[in-house]
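Hello,

Here is the structure for you to load. My notes on it follow below.

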Amino acid sequence: MKPRAVLSARGATRLGAGHPWIFRSDLRDEPGEHAGLVAVEDERGKPLGTALYSPASEIRLRWLAPDGVAVDAAWWETMVRAAAARRTGIDATAHRVVHAEGDGLPSLIVDRFGDWAVAQFLSAGLEAVRDQVVDAIRAALAPRGLLLRNDAPVRERERLPRAVETAFGEVPETIEVREGAVRYLAAPRSGQKTGAFLDQRENRLLVGRLASGRCLDVFAYHGGFALHLAKGGAAEVVAVESSAEALAHMARAADLNGVTIAGVEANAFDWLRAAADAGDTWDVIVLDPPAFAKDKRSLERALAGYKELNLRAMRMLAPGGYLFTCSCSHHVHRGDFFAMLGAAAQDAGRRIQLVELRGAAADHPELLTVPETGYLKGALLRAL
Ligand code: SAH
């Protein structure tokens, strides 16, 4: 018998609305100690289904399956296989296979990098069934090796240790990946997230198709956008990034592609101000900053930061030039983001067309009932 968790009426309503998280305050009764699978019931004792239980987290339950469905080894494998089967038509050898809540597997991330896979176990409940999940990944995806990037800070809220471990096989330091016409070097052990920013894949391909003339990639990291711009036929590509290490990595990838990118180690805010003041112009600009709004309180300051960047970029667009701009802050909602862009265009004194609204690549499914699955907002803009 699995331990039991009993929902309050409000908890049951929340679940009915399609959100898989149940908070501490929405529970009537809970096992109290061991993380792992629990049987969920409503206040009258009616069995509802199975969830992951995290005794130390504000998010106590993460919903898995309704009553009558056994959450066993076969279930995990079926779920991972189903998620993998939904990823079709991807023009890259690296992509996300399991996007946690977005694929009905809360707190589990699985990314594929060529022959290898990298996973993250982001809740205590999931960690408790780690062996079964690892077996499911092995059976469904048959990677040569599986790395667990369990060093994400959110694990602390689950009172889980942070570590990078190999679950099975051997996983190299860098993995060469193809993305459209570009090759890049994912760094599964030491890179951001699981080794690369896979969520921007489709946006990088889009931007690569626009490449021409002078192109600028700001907040470049390993040069994801810059490589596509250079390979796409830009006359000149400049990449601005504060991390010297990231720029060195980008230089290796540029060599691999036989292209030239001018890496500039600088604070993007200072660099953009100076370039705009100097009257620089660009045919394509990419702004892909880190999340400025870490919580709701920092929202206003974050929006001011985004506006400053976008305003300066808009000023520097050549007539007909494109700006691809984005925000990955969960707390900056779409409405906030577009209002900020409007204000920036106004202050820049430019007529700016909204060419296309963008989000994360389709292998990062965003659920309408689970806003947390869709943090990345992007816009392709054009100066008229
Ligand atoms: N565009 C990249 C991902 C960018 S991640 C891709 O598609 O792969 C954001 C990057 O911004 C990080 O590499 C970080 O080092 C850099 N960064 C953060 N603050 C910065 C600042 N003030 N100036 C310049 N770069 C900064």
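The ligand has 14 residues around it; Arg-204, Glu-241, Ser-242, Ala-268 and Asp-288 come nearest. Keep in mind that this is a predicted model. By class, the shell around the ligand holds eight nonpolar, three polar and three charged residues.

Three polar distances to the ligand stand out in my notes. A side-chain N or O atom of Glu-241 sits 2.6 Å from an oxygen atom of the ligand. For Arg-204, a side-chain N or O atom is 2.9 Å from a ligand oxygen. Asp-288 places a polar side-chain atom 2.6 Å from a nitrogen atom of the ligand. On its own, the ligand exposes 580 Å², and the protein buries 86% of that.

Next, the second largest pocket. Its space comes to about 240 Å³. There are 14 residues in the lining of this pocket, and Ser-190, His-222, Glu-245, Ala-246 and His-249 lie nearest its centre. By class, that lining has four nonpolar, seven polar and three charged residues.

Last, the cysteines. How many disulfides does a search of the whole structure find? Zero. Why is Cys-215 not bonded to Cys-326? The closest cysteine sulfur to that of Cys-215 is in Cys-326, 16 Å away, which is too far for a bond. Cys-215 is also buried, at 0% relative accessible area. Cys-328 is in no disulfide either; its nearest cysteine sulfur, in Cys-326, is 7.1 Å away. Cys-328 is partly exposed, with a relative accessible area of 25%.

Best wishes

Methods
Residues are numbered from 1 along each chain as its sequence is written. This is a predicted model: local features need pLDDT of at least 70, side-chain atom pairs count only at pLDDT 80 or more; totals for chains, interfaces and linings use all residues. Side-chain values use heavy atoms; hydrogens and water are left out. On a 1 Å grid over the protein atoms alone, a cavity is a set of points where a 1.4 Å probe fits but cannot get out, and a pocket is an open set with protein on both sides within 12 Å along at least five of seven lines; lining residues have an atom within 4 Å of a point. Grid points are joined across faces, edges and corners, and a volume is the space filled by probe spheres set on the points. Ala, Val, Leu, Ile, Met, Phe, Trp, Tyr, Cys and Pro count as nonpolar, Asp, Glu, Lys and Arg as charged, and the others, Gly among them, as polar. A residue is near a molecule or strand if one of its heavy atoms lies within 4 Å of it. A polar contact is a pair of N or O atoms within 3.5 Å; within protein, one must be able to donate a hydrogen and the other to accept it, and residues adjacent in sequence count only if both atoms are side-chain atoms. Accessible areas come from the Shrake-Rupley method with a 1.4 Å probe; for residues, only the protein chains shown count as cover. A disulfide is a pair of cysteine sulfur atoms within 2.5 Å. Buried means under 20% relative accessible area, exposed over 50%, partly exposed in between (1.4 Å probe, protein chains only).
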